[in-house]
Amino acid sequence: MIKVYYNANGVISSHLISGDEIDLIESKQLIWVDMLSPSMTEVSELDKKLGLDLPTRQETEEIEFSARYWEDEFGITINTYFLVKQGTTASNESVSFTLKDNFVITIRFIELPVFGDFNRKLLLNPSHYTDGARVMGGILEMRIEDDADTLEAVSREIASIARLNPSNFDDTKKFLSYMADFEATNITIRENLTDKQRVLSSLLKSGKMPSTLKSDFSIMIKDVNSLITTANFNFERLDYLQNLFLNFLSIEQNKVIKIFTVMSVIFLPPTLIASIYGMNFKYLPELDLSFGYPLALCMIVISAVLPLYIFKRKGWL
C-alpha cells in the first residue's frame, strides 16, 4: 500500500495509489509518502521518480547505529524502532524515514496504529505540518507518547505484583516465567527508547533540521530520558521482586529441612535403644528381667520426648 500526502496552500490531501501510479507523484507539493509492505519494484520505481536511495528491508533491520542513521548532501535516512505490544510480550519493528527537500518517505512492513492516528491528526492540523521534517517529527512525537503509555501500563502491572503476598503463588515456575516475560518486555521497551534517544540526538546535531523543530526534539529527548529512567527503575523493582520471591522459597525450604532435621534427632535415641536391645548376644543384663520390655519402651518414649522438650525450651521449634 502506498499513500501520498500533498500540502497545497495549507490544505492536506491524501491519495492511495498503486505501484503503477508512482510515476504520477508530483514532488512540488509532496510532504509525505507512506509505504506499507512495498515490493522491491515499488521501492525501485520510487527511487527513480524522486531521486532517492531508499533502504531495503534488510538494511532497515541492521542494528549498527551507522546503519540506522546517516546523512548526506541529499537528505537524512533513519531506521528506528517502533514498539509492538501483544499481551505480555513486546517486539520492536523497524520503520525507515527518508527525508529529502520538503518531503519524507516512510517504509514499514507491519500495520502500526500510530500511523493511522497521525493521519487523522495531520488532516485536522494541516497548518502545523507544512513539510516532511515536521511530519517526521510529529510521528516520532506521537510514538514517544504511545511508548510512555505502554511503559506506564507495564509499571502498573509490576507494581500490582509487588503488592501481592509471595505465598499466593503456588506454582513457582509459573511465577518466574511471569516475571521473565515482564523483564523481556521491559528490555524491549528500553531498547526502543535508547534507539530513539540516539536518533533524536543526531537530529538535534543535524544542520538540515529547522531551529523551530529542534526545540521540539529537545523536549522529546527529555521525555525519552525520563522514560529510560522509569524503565531502569522497573528493572530494579523486578530484581527486588525476584529476590524477595526466591528468599521466600528459601525460607519455606529451610522450614521443611528443619522439620526433617528435628524428626531425625527425635528418633535417633529411640533407634539407638531399640538397636541395643535388639542385639542377638547370649547374655544381656536386662534379658531375664520381668519388667525389661516395659523398661525398654519407657526409655524409648523418654528419649523421644526429651529432645522435643529441649527444642521447645530453647525456642528452636
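Here is a friendly round of questions and answers about this predicted model.

Me: Let's begin with the sheet. Which strands stand at its edges?
Reply: The sheet is open and has seven strands in the order β2-β1-β3-β7-β6-β5-β4, with mixed pairing. A strand at the edge has a single partner strand, so one side of it is left without a neighbour in the sheet. The strands placed like that are β2 (11-17) and β4 (69-71).

Me: How many bridges join β1 to β2?
Reply: β1 and β2 run antiparallel and form a hairpin with two residues between the strands. In that hairpin Asn-9 takes a positive phi near 55°, and Ala-8 has Val-11 as its bridge partner in β2. The number of bridges joining β1 to β2 is seven.

Me: And on the β3 side, what is the bridge partner of Val-4?
Reply: Strand β1 (residues 2-8) also runs antiparallel to strand β3 (residues 30-36), and five bridges join them. In β3, the residue that partners Val-4 is Val-33.

Me: Is β1 mostly covered or mostly open, and how many of its residues are buried?
Reply: β1 has partners in the sheet in β2 and in β3. Helix α1 (residues 40-50) lies across β1, β3, β6 (89-100) and β7 (103-108). β1 is mostly covered, and of its seven residues the number buried is five.

Me: What angle does helix α4 make with β3?
Reply: Helix α1 runs at about 165° to β3. Helix α4 (residues 113-124) packs on the sheet too, touching β1, β2, β3, β5 (76-86), β6 and β7. The direction of α4 makes an angle with that of β3 of about 160°.

Me: Now the aromatic rings. Why does the pair of Tyr-5 and Trp-32 tie together separate parts of the chain?
Reply: The two rings are stacked, at 4.5 Å centre to centre with 15° between the planes. Tyr-5 lies in strand β1 and Trp-32 in strand β3, so the pair ties together parts whose separation in sequence is 27 residues.

Me: Which residue in helix α4 forms an aromatic pair with Trp-32?
Reply: This pair is edge-to-face, at 5.6 Å centre to centre with 70° between the planes. Trp-32 is buried, with a relative accessible area of 0%, and its partner also counts as buried at 0%. The pair links parts of the chain 86 residues apart, and the residue in helix α4 is Phe-118.

Me: Which residues do ring pairs link into a cluster?
Reply: The structure holds six aromatic pairs. Tyr-5 with Trp-32 is one of them, and Trp-32 with Phe-118 is another. The linked residues are Tyr-5, Trp-32, Phe-82, Phe-97, Phe-115, Phe-118 and Tyr-129.

Me: Which element gives the most to the largest nonpolar core?
Reply: That core has 53 residues, and Trp-32, Phe-97, Leu-122, Val-135, Met-136, Leu-203 and Met-209 touch the most other members. The elements giving two or more residues are β3, β5, β6, α4, α5 (132-162), α6 (172-205) and α7 (211-276). With twelve residues, the top contributor is α7.

Me: How many Å separate the centres of domain 1 and domain 2?
Reply: The chain is divided into domain 1 (2-249) and domain 2 (254-314). Taken over C-alpha atoms, the centres of domain 1 and domain 2 are separated by 74 Å.

Conventions:
Residues are numbered from 1 along each chain as its sequence is written. This is a predicted model: local features need pLDDT of at least 70, side-chain atom pairs count only at pLDDT 80 or more; totals for chains, interfaces and linings use all residues. Side-chain values use heavy atoms; hydrogens and water are left out. Two strands pair if DSSP finds at least two bridges between them. Helices (H or I, at least four residues) and strands (E, at least two) are DSSP runs, numbered from the N terminus. Contact means heavy atoms within 4.5 Å. Axes are lines fitted to C-alpha atoms, for helices over the stretch in contact, and angles run from 0 to 180 degrees between N-to-C directions. A nonpolar core is a set of buried Ala, Val, Leu, Ile, Met, Phe, Trp, Tyr and Cys residues joined through side-chain atoms within 4.5 Å. Buried means under 20% relative accessible area, exposed over 50%, partly exposed in between (1.4 Å probe, protein chains only). Domain bounds come from an automatic or database domain assignment. Rings of Phe, Tyr and Trp (its six-membered ring) pair if their centres lie within 6.5 Å; planes under 30 degrees apart count as stacked, over 60 as edge-to-face and the rest as tilted.
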